[in-house]
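Hi,

Here is the structure I promised to send over. Have a look at it first, and then read on for what turned up.

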Amino acid sequence: MSAQAKSYEGSSPAYDMPLDKIHVGQPELFRTNSFWPYFERLRREDPVHYCAESEYGPYWSITKYNDIMAVDTNHQVFSSEAGLGGITLRNQNPDFLLPMFIAMDPPKHDKQRKVVSPIVAPENLEKLEGTIRSRAAKMLDELPVGETFDWVDRVSIELTTQMLATLFDFPFEERRKLTRWSDVATAIPGFGIVDSEEQRREELRECGAYFTDLWNQRVNSEPKGDLISMLAHSDVTRNMPPMEYLGNIILLIVGGNDTTRNSISGGLLALNENPDQYQKLRDNPALIESMVPEIIRWQTPLAHMRRTALSDIEFKGKQIKKGDKVVMWYVSGNRDEEVIENPNAFIIDRARPRQHLSFGFGIHRCVGNRLAEMQLRIVWEEILKRFKNIEVMGEPERIYSSFVKGYATLPVRIAG
Ligand code: HEM
């Protein structure tokens with residue numbers, strides 16, 4: 001049954017197993033796109049759900065829109081601290097802790113976030129728009145017509161990697177290093193990207209060494225508008241220990257890479273699965289404006305964020321204990337029928353398309369949200385100028401992760 005169906009009751013093992021055995025954080029459920037019925041059942045029967053046993057230890061799942069908002073905006077109780085495990089269901093490894101401001105609480109979080117926020121100030125976005133558009137146009141012009149190719153590699157990865165290189169003022173010819181480091185940072189060893197945790201660390205150390213060279217160049221020159229220069233010239237960040245610098249670099253690489261990449265792939269897939277919406281878009285390209293946030297809701301590129309309870313708290317009738325892991329499933333909140341009308345449908349002209357959880361809420365709400373939206377808008381404007389139909393030719397290969405929700409490959413063909 002497709003993700004568009006109304007109810008999976010009677011057609012999925014999700015409804016047959018005892019409620020307390022449900023463990024929605026299994027990466028395999030995401031690789032096979034079979035997690036939807038589990039969330040549907042949890043939203044209906046046990047919206048604040050305790051999974052007592054899993055390979056990640058016990059954890060709570062928050063699955064309804066308003067409950068997720070309540071947790072995300074209560075950082076006094078629900079901590080993001082790396083030392084407590086960080087922001088994903090899988091704990092950060094204590095032997096290789098990478099402090100980064102997404103995994104910090106106030107006051108340090110707030111100070112570091114302020115250092116890089118100017119990258120997305122309206123005047124900076126305006127400056128970036130021209131570069132992003134001309135690079136996107138060139139890349140689209142070079143795509144093959146009439147033959148099948150991988151959209152993820154040729155378009156989604158290439159565009160977001162180019163944008164990242166621009167944000168860091170990173171040597172453009174070497175930009176695929178950024179793609180590699182992003183993949184390595186979020187990889188589970190043994191599932192295709194790296195073979196072992198040791199290999200992962202080694203590659204991330206190389207990333208650290210490369211960015212240290214760039215830091216040394218920038219710190220001795222005039223402050224500029226790129227992210228490394230911002231970090232090197234601010235009183236708040238100029239004395240960061242090496243692992244904290246690496247941590248924040250990884251945050252900015254992953255934050256700006258996988259998410260936008262998977263939105264570019266997800267958007268094309270959604271339009272192919274909903275040909276009436278694709279036609280609506282061709283008839284009226286102005287709908288790109290509302291389609292972009294709808295793609296981001298529909299895709300939900302980060303399936304969850306995790307917190308750790310700093311004190312005992314009663315939440316929706318459940319007793320959450322100090323130290324418990326609490327997972328906010330954005331992917332489920334974005335399909336909550338009590339808040340979003342017809343949430344399983346992809347509708348490019350929704351009345352309130354920005355009503356979604358994909359960027360989170362509260363003090364950690366995504367710094368790059370407007371940049372991501374701008375990039376998606378430009379890509380779709382340039383695509384519609386050139387191609388009438390881009391057809392998905394087969395099933396996408398999905399990523400083995402319950403955190404990064406996305407695609408490893410997506411075969412497509414541009415109609416001749
Ligand atoms: C569609 C694209 C994107 C999605 C879905 C997304 C999603 C998210 C989410 C869910 C969070 C955490 C929110 C929370 O905990 O409440 C976040 C934080 C963050 N994002 Fe994004 N993101 C996207 C694009 C970007 C881009 C382009 C950048 C650019 C550089 C970026 C940089 C960051 C950073 C630095 C944080 C940490 C903010 C903090 O802790 O204060 N993101 N993002």
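Which helix gives the most to the shell around the ligand? That would be helix 10, with six residues. Before the rest, please keep in mind that this is a predicted model.

Let me stay with the ligand for a bit. Helix 10 covers residues 242-273, and the other elements that give two or more residues to the shell are helix 4 (108-116) and strand 5. There are 27 residues around the ligand, and the ones that come nearest are His109, Arg113, Arg307, His364 and Cys366. Two of the histidines make polar contacts: a polar side-chain atom of His109 sits 2.6 Å from an oxygen atom of the ligand, and an N or O atom in the side chain of His364 is also 2.6 Å from a ligand oxygen. With Gly255 it is the backbone that takes part, as one of its N or O atoms lies 3.1 Å from a nitrogen atom of the ligand. If you sort the shell by residue type, you get 13 nonpolar, ten polar and four charged.

Helix 10 also packs against another helix. Its axis and that of helix 6 (residues 151-168) come within 9 Å and cross at roughly 145 degrees, and the crossing is right-handed. On the helix 6 side the contact includes Trp151, Val155, Leu159, Met163 and Phe168. Among the helix 10 residues they meet as a group are Ile249, Leu252, Ile253, Ile264 and Leu268, along with Asn257 and Arg261. Counting both sides, the contact has 13 nonpolar residues, seven polar and one charged.

Now for the sheet. Five strands make up an open sheet with mixed pairing, in the order 1-2-8-5-3. Strand 1 (48-51) and strand 3 (78-79) are the edges, each pairing on one side only. Strand 1 runs antiparallel to strand 2 (residues 59-62), and four bridges join the two. If you want a spot to start from when you look at that pair, Val48 stands opposite Ile62.

Helix 3 (residues 65-72) packs on this sheet and touches strands 1, 2, 3, 5 (304-309) and 8 (325-329). The direction of helix 3 makes about 130 degrees with that of strand 8. Strand 5 is worth a second look on screen: it is part of the sheet, it is touched by helix 3, and it gives two or more residues to the shell around the ligand.

Cheers

How values were computed. Residues are numbered from 1 along each chain as its sequence is written. This is a predicted model: local features need pLDDT of at least 70, side-chain atom pairs count only at pLDDT 80 or more; totals for chains, interfaces and linings use all residues. Side-chain values use heavy atoms; hydrogens and water are left out. Two strands pair if DSSP finds at least two bridges between them. Contact means heavy atoms within 4.5 Å. Axes are lines fitted to C-alpha atoms, for helices over the stretch in contact, and angles run from 0 to 180 degrees between N-to-C directions. A residue is near a molecule or strand if one of its heavy atoms lies within 4 Å of it. A polar contact is a pair of N or O atoms within 3.5 Å; within protein, one must be able to donate a hydrogen and the other to accept it, and residues adjacent in sequence count only if both atoms are side-chain atoms. Ala, Val, Leu, Ile, Met, Phe, Trp, Tyr, Cys and Pro count as nonpolar, Asp, Glu, Lys and Arg as charged, and the others, Gly among them, as polar. A crossing is left-handed if the near helix is turned anticlockwise from the far one by less than a right angle, and right-handed if clockwise.
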